[in-house]
Amino acid sequence: MQKKLLISTIYLGVFLAGFSGKAQNQPAPGSQPLSYDPPGSTDTRSKPIELPVRRTYSFEGSGVRVSTDFEGARLNELTQLNDTLFTAVIRPENAPINMSPWYAFKVWADSARPVYIRMTYQNGRHRYYPKISSEGQRWQPLDSASFFPGDSVATMRLAAGPDTLWIAAQEMILLRHVQVWADSLDRLPFVSKQTVGYSAQQRPIIALSVGKPDSKRVLAVISRQHPPEVTGYLAMQAFVETIAGDSKLARRFRRKFETIVLPMINPDGVANGHWRHNTGGIDLNRDWKYFRQPETAVVRDFLTKEVSRQQARVYFGLDFHSTWNDIYYVFDEKTTPYATSLTQQWLTGVEGVIPGYKANQSASGTESPISKNWFFTQFGADAVTYEVGDNTPRDDLRVKGQVAAVEMMKLLLKQR
Ligand SMILES: [Zn+2]
């Protein structure tokens, strides 16, 4: 696709400045990618979900209002216990489900007053430290003296007042934010954006092409299969912005390679404030053998069509996620030497750049129905499920995404 004028380059933070990441050697949450799936959660035939309740709770005596009447909200029930204490129930879209309780709501009051909200998680344990915002765009962690986490219960003290306070499990990055980001990249002459299909609720699934259109050399990037996994999305953004950046390396890479990016493949789950699933009630990252869900089928159809039309080779597939710690799910040594060698060279490169950094890896075969394995079985590509910690400092994960992109570009340019 031919592009218009070059308008601007994308701002990138000073490379490596202020990096404060530590080696991540903690054990992974299970040595196999699927081991944290509760029984019965991996069948990808559609199941019913509970639709979100979009409403504003009004407590006349105390003048407190709590609202879930916005995209991405989640809070299923709310009861007032006394003047300042409210109990909320946070339920998943359906169950069984991986325990990643997402929540998001707004609070305000007639006059300034403390409001305590005790969240009770059904089918889940506490995972996300609360973030607050005054407008839903810029977020910061709730002051630690105001948060009292338990196991299946967590209480927060909020300074409510006439101005709306937003509370969410992570920074809220909805489809509209992804569109703004994708449009800013689309202004570059070597980027094009398109809608490649639609989710079950008819939200667009968008793709970006960065670099040489119709190239025979492809790098594939996907993100947001799991709605709350915002840190993976932020690392993906830094990764893609580095490839679209102004460095000599990036320019050279773009002349040879096309990077195809699907930044949000579960837009319905995000809009409905889901913990993990799409509106078919399914974990999309367990559907890459069956393609029973519209979102996975759209991505499969688009990528296979593009790759075959261009007679391209997919060199690498990267799927960005979030979990407790930074971890790379890689192929084991039984999976072709070709596949193994690219990942290991890449991670060695990343370790060489970040002082003291040791890439935390977990290896497995290609059997499970996850996207990483589909990249391998469909295209013979090496692939990694790139998991970023929920609490990794945001500056650090940008740097990690940038370093990952630089080392990936260097490595792929060396391939024949
Ligand atoms: Zn995930």
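Biologist: What is the area buried between domain 1 and domain 2, and what share of that area do carbon and sulfur atoms give?

Modeller: In this predicted model, the area buried between domain 1 and domain 2 is about 1,800 Å², and carbon and sulfur atoms give 51% of that area. Among the residues of domain 1, E71, E93 and R127 supply 34% of the area that this domain buries against domain 2, which is more than any other three residues.

Biologist: Where do the two domains lie along the chain, and how many residues of each are in contact?

Modeller: The domain assignment gives domain 1 as 56-168 and domain 2 as 175-414. Taking contact as heavy atoms within 4.5 Å, 26 residues of domain 1 are in contact with 20 residues of domain 2, while the C-alpha centres of the two domains lie 32 Å apart.

Biologist: Why is helix 3 called oblique to helix 8?

Modeller: The axes of helix 3 (residues 248-256) and helix 8 (residues 394-414) come within 10 Å and cross at roughly 50°. Angles under 35 degrees count as roughly parallel and those from 65 to 115 as roughly perpendicular, so the crossing angle makes helix 3 oblique to helix 8. Helix 3 passes helix 8 in a left-handed crossing.

Biologist: Which residues make the contact between these two helices, and what is their make-up by class?

Modeller: Helix 3 contributes L249, A250, R252, F253 and K256, and helix 8 contributes V406, M409, K410, L412 and L413. By class, this contact of helix 3 with helix 8 has 7 nonpolar and 3 charged residues, with no polar ones.

How values were computed: Residues numbered from 1 in each chain as written. Predicted model: local features only at pLDDT ≥ 70, side-chain atom pairs only at ≥ 80, totals over all residues. Heavy atoms only, no water. Axes fitted to C-alpha atoms, helices over the stretch in contact; angles between N-to-C directions. Helix = DSSP H or I, 4+ residues; strand = E, 2+ residues; numbered from the N terminus. Parallel < 35°, antiparallel > 145°, perpendicular 65-115°, else oblique. Left-handed = near helix turned anticlockwise from the far one by under 90°. Nonpolar A, V, L, I, M, F, W, Y, C, P; charged D, E, K, R; others polar. Domains from an automatic or database assignment. Buried area = accessible area lost by both parts, 1.4 Å probe.
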